[in-house]
Amino acid sequence: MGAMHPILSEAASGFFRNQDSFLEDIKENLIAGRASVVKLLTEQALRRGVPPEVIVEESLLDAMKEVNRCFSARIMAIPDVLLSSRALHAGLYVLKPYLTAAGVGVNRGRVLIGTVAGDLHDIGKRLVAIMMESKGFEVIDMGIDVPPEEFVRGVNVHNPDIVAMSALLTTTMGSMKTTIDLLTESNLRRRVKVIIGGGPVTQEFAQDIGADAYGYDAVSGAQIAVSMMDQMPHVGPSDTS
Ligand code: B12
């Protein structure tokens, strides 16, 4: 069968759809790891007026939860998950300017974020960073496998208001505590709020290790960061008190 003319194919796949069908199709193609289709559908959804945050929350995040479930149930293997994550990033690439534009001009504060030592998972952390940017935070991403000393150096160099840590492995969660302890020893703990998250992390664990908050996902994490700033006595990222 010959390929459809791009304009016809766009009309067929984009013009007559409603919001729900876009969200469902993006989700389905993300799970199937079709990056170029996810990119195209995301562009079309935006053009048809679907709000970018709705695409993230109701399509991309939902799809990744399903990917997690399928991986845990051994329905998907690691290469499939990596294809899905590539498709997620294709969608996020399209959405990022719109999401971060929402936060432009709002100086909410500065967040230093990283995945803790020994842990190479960065998909969730990157989502958290984007959602925080969308709320008007300046986000400094320290990357993956960040040792406690690097977090401390980051706080000294960048003077953030919030330190956000991600861990996906039970074996690396301990590094969150080590990082908080090192911040305390370095007399930096009182200068920052600490929020943690990731698969094995819980509210109880956050309390046990002396974090200020736990975020279940990227959306709630960004909301918690906003409330943290509202409760802080000082304003702005440049305040060193
Ligand atoms: C993708 C993936 C990988 C990829 C990572 C690719 C990448 N660039 O990130 C690769 C293949 C590299 C990988 C490797 C490994 N993985 Co892996 N991986 C996964 C998988 C399937 C999905 C994780 C993911 O990206 N989810 C999608 C994102 C969107 O969700 P998320 O990460 O949970 O993040 C959300 C929330 O948790 C939260 N969040 C996350 N961080 C933060 C931080 C803050 C501050 C806040 C507020 C919120 C927050 O918000 C996010 C968005 O809503 C999970 C399965 C699962 N059930 O989680 C296993 C999983 C995490 N991996 C696991 C394991 C064991 C490994 C390996 C040890 C496998 C091996 N034998 O080699 C290695 C370890 C490598 C290392 N040293 O880190 C186990 C961990 C078990 C455990 N409890 O310890 C899991 C749970 C799979 C399983 N069921 O066994 N993995």
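**A ligand between two domains**

Let's start with the ligand: domain 1 (19–102) and domain 2 (107–231) both give residues to the shell around the ligand, so the ligand lies between them. Keep in mind as you look around that this is a predicted model.

Who sits in that shell? Of the 35 residues around the ligand, the ones that come nearest are Gly-124, Ser-166, Gly-197, Gly-215 and Gly-221. If you would rather think in helices and strands, the elements that give two or more residues to the shell are α4 (52–72), α5 (78–103), α6 (123–134), β3 (162–166), β4 (193–197) and α10 (218–231). Sorted by class, the shell holds 17 nonpolar, 14 polar and four charged residues.

Now step back to the whole protein. Its secondary structure comes to 10 helices and five strands. Of its 241 residues, 39% are buried. Take the contacts with a separation of 6 or more: 75% of them are accounted for by residues 24 or more positions apart.

Next, look inside. The largest nonpolar core has 40 residues, and Val-111, Met-132, Val-163, Ile-195 and Ala-225 are the ones with the most contacts inside it. Two or more residues of this core come from each of β1 (109–115), α6, β2 (137–141), α7 (148–158), β3, α8 (174–185), β4 and α10. With six residues, α10 gives the most to this core. To get a feel for the packing, pick out Val-111: leaving aside its neighbours within four places in sequence, Val-111 is in contact with Met-132, Phe-137, Val-139, Pro-160, Ile-162, Ala-164 and Ala-225. Apart from this core lies another, of 22 residues, including Ile-55, Leu-60, Ala-63 and Leu-92.

Three single residues are worth a visit. Begin with Ile-224, which is found in helix α10. Is Ile-224 buried or exposed? Ile-224 counts as buried, because it has 20 C-beta neighbours inside 10 Å, and 20 is the number a residue needs to be called buried. Beyond its neighbours within four places in sequence, Ile-224 is in contact with Ile-195, Ala-213 and Gly-215. You can also compare chain and space here: Ile-224 and Met-132 are 92 residues apart along the chain, while their C-alpha atoms are separated by 9.8 Å.

Thr-172 has its place in the loop between β3 and α8. Don't let the word "loop" mislead you: Thr-172 is buried, because 21 other C-beta atoms lie within 10 Å. With neighbours within four places in sequence left aside, the contacts of Thr-172 are Val-116, Ala-117, Gly-118, Asp-119 and Ala-167. One of these, Val-116, is 56 residues from Thr-172 in sequence, and the two are 6.8 Å apart in space, C-alpha to C-alpha.

The last stop is Asn-68, in helix α4. Asn-68 has 16 other C-beta atoms within 10 Å, so it is partly exposed. Asn-68 and Val-81 are 13 residues apart along the chain, and 8.2 Å separates their C-alpha atoms.

Finally, how far can you trust all this? The protein averages a pLDDT of 89, and 88% of the residues score at least 70. Residues 235–241 are another matter: pLDDT stays under 50 there, and the model has 11 contacts beyond four places in sequence for them. Where pLDDT is low, the predicted coordinates should not be read in detail.

Terms used. Residues are numbered from 1 along each chain as its sequence is written. This is a predicted model: local features need pLDDT of at least 70, side-chain atom pairs count only at pLDDT 80 or more; totals for chains, interfaces and linings use all residues. A residue is near a molecule or strand if its C-beta atom, placed from the backbone, lies within 6 Å of it. Helices (H or I, at least four residues) and strands (E, at least two) are DSSP runs, numbered from the N terminus. Ala, Val, Leu, Ile, Met, Phe, Trp, Tyr, Cys and Pro count as nonpolar, Asp, Glu, Lys and Arg as charged, and the others, Gly among them, as polar. Domain bounds come from an automatic or database domain assignment. A nonpolar core is a set of buried Ala, Val, Leu, Ile, Met, Phe, Trp, Tyr and Cys residues joined through C-beta atoms within 7 Å. A residue is buried if 20 or more other C-beta atoms lie within 10 Å of its own, exposed if 12 or fewer, and partly exposed in between; C-beta atoms are placed from the backbone. Two residues are in contact if their C-beta atoms, placed from the backbone, lie within 7 Å. pLDDT is the predictor's confidence in each residue, from 0 to 100.
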